[in-house]
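Welcome, and please open your viewer. Follow along one selection at a time, and take a moment to look around at each stop.

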Amino acid sequence: MSARIDTRTRPTPDWLWHAALAAGLVLWVAIYRQLLPLANWLVSLTPLDAHSHSGEALAFFLYDVPKVMMLLVLIVFVMGVVRSFFSPEKTRALLSGRAEGLGNAMAASLGIVTPFCSCSAVPLFIGFVSAGVPLGVTFSFLIAAPMVNEVALVLLFGLVGWKVAATYLSFGLLLAIGAGWIIGRLNLEGWLQGWVRDIHTGAGAGAPSAPSHEMTMVDRYREGLTAVKDIVGKVWVWILAGIALGALIHGYVPQDAMARIMGTGAWWSVPAAVVMGIPMYTNAAGVIPIVEALLGKGAALGTVLAFMMSVIALSLPEMLILRKVLTFRLLAVFVGVVGTGILCVGFLFNLIF
Amino acid sequence: MKHVIVYGPGCKRCDTTADMVKTTAQMLGLDVTVTKETDMARIAMAGVMSTPGIAVDGKLVHTGGLPDAGALEGWLSA
């Protein structure tokens, strides 16, 4: 973004922000359209033959890295601005006392736009449950928030295509809605840790919350820039490593090598992918470029989607955090329901595609 | 003397926030004590759903993300 102007020393007028962002966007589009010729031109400068294996791998790398990074900067900025309109407090107010069904659908959708960090999953969980948000609705939120995120969607869109990105988005939402609804139906409120139940019935209900102050549009732009700095600053290494590894797979793993172990023919590959995904705590940024390369080598889409969802939604560290509020039985139900949902998505896709 | 509590389970941002409070207080020449609250139950009880959260003299003034430097000066000198 070209709008990185320090506003603390001298206030920048609002119109300059709008103008700078508009100019930034025009520049973004102009550069984005030139990426492919640029990558080919850079390869032509090297002694590599553009049509050789290594030449193609290099062109692929030089095209994909800037493409994904540019998409990421744009989308993370936009999502940062959008998120500034939401807060966990507002979302809680929207969800509290909401009936199941509609509540689950709302929670999953709000999970995409509400600012969320897995480090505050526990306070958020308690904040929701104590304010009368049904347990199942809370789970819909907690499943959707990390799983359907803009980084995963941008990478899927940029590397694999919009169809797979849209599929991941819709089935991620459906999974969050469905799993939350089932957990709600099971009436497991009694399986929360004792101290959480106490807050639930008493003190937490009227808990104070920080006063919300009015934000100007420029404040929201700043939120967007902070999000870019935070998120892109954190994931760029993963993306680079992932795309590099992906390029190696493209170049050196024989065609259809994956068809046997991760193809549609092997029914056991979906459960295996889910189980393998649980202890892996790589963020989406590192996994997706590899996933894309595996798809190219004959891995089945459903198996790959199941693996991705499992890596992101069923991560071991997050379970350890949630263990503080959930009894072991409830945690097991959570993993069981979400895991089964992911299995269904995997099998369904292998069947369709 | 003001008492500031920074709510957060010990993530990097929470430490940064606590440091920001300390340096801002020093810069303004204010007498401020800073405590970090890392207990999940207490964080939740204080009404903090997104960390870090900041309370000045028992009143919650901020939740979610690093505070704005200007706003922080305001809370501490108010």
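Start by selecting Val6 of chain B: its bridge partner in β2(B) is Lys36(B). Keep in mind along the way that this is a predicted model.

**Stop 1: the parallel pair**

Now widen the selection to the two strands around that bridge. β1(B) and β2(B) run in the parallel sense and are joined over 6 bridges. How do these two strands fit together with α1(B)? β1(B), α1(B) and β2(B) form a β-α-β unit, and the unit is right-handed.

**Stop 2: the helix across the strands**

Select residues 12–28 of chain B to light up helix α1. This helix lies across β1, β2 and β3 of chain B, and its direction makes an angle of about 175° with β2(B).

**Stop 3: the antiparallel pair**

Next, pick residues 2–7 of chain B, which are strand β1, together with residues 53–56, which are strand β3. In which sense do β1 and β3 of chain B pair? They are antiparallel, with 4 bridges between them. For a single example, click on Ile5(B): its bridge partner in β3(B) is Ala55(B).

While you have strands on screen, here is a tip for viewing side chains: in a regular strand they alternate between the two faces of the sheet.

**Stop 4: the whole sheet**

Show every strand of the sheet in chain B. Reading across, the order is β2-β1-β3-β4, in an open sheet of 4 strands with mixed pairing. Which strands sit at the edges? They are β2 (32–37) and β4 (59–63) of chain B, each of which pairs on one side only. From one strand to the next, the twist averages 20°.

**Stop 5: over to chain A**

Switch your selection to chain A, where you will find 17 helices and 0 strands. This chain has 353 residues, of which 42% count as buried. Among its contacts with a separation of 6 or more, 84% are between residues 24 or more positions apart.

**Stop 6: where the chains touch**

Finally, display both chains together. The contact between them takes 22 residues from chain A and 18 residues from chain B. On the chain A side, select α4 (88–95), α6 (121–130) and α10 (194–201): each supplies at least two residues. Which helix gives the most to this side? That is α6(A), with 5 residues. Colour the chain A side by class and you will see 14 nonpolar, 5 polar and 3 charged residues.

Note on methods:
Residues are numbered from 1 along each chain as its sequence is written. Chains are lettered from A and ligands numbered from 1 in the order in which they are written. This is a predicted model: local features need pLDDT of at least 70, side-chain atom pairs count only at pLDDT 80 or more; totals for chains, interfaces and linings use all residues. A residue is buried if 20 or more other C-beta atoms lie within 10 Å of its own, exposed if 12 or fewer, and partly exposed in between; C-beta atoms are placed from the backbone. Two residues are in contact if their C-beta atoms, placed from the backbone, lie within 7 Å. Two strands pair if DSSP finds at least two bridges between them. Axes are lines fitted to C-alpha atoms, for helices over the stretch in contact, and angles run from 0 to 180 degrees between N-to-C directions. Ala, Val, Leu, Ile, Met, Phe, Trp, Tyr, Cys and Pro count as nonpolar, Asp, Glu, Lys and Arg as charged, and the others, Gly among them, as polar. A crossover is right-handed if, with the strands pointing away from the viewer, the path from the first strand over the helix to the second runs clockwise.
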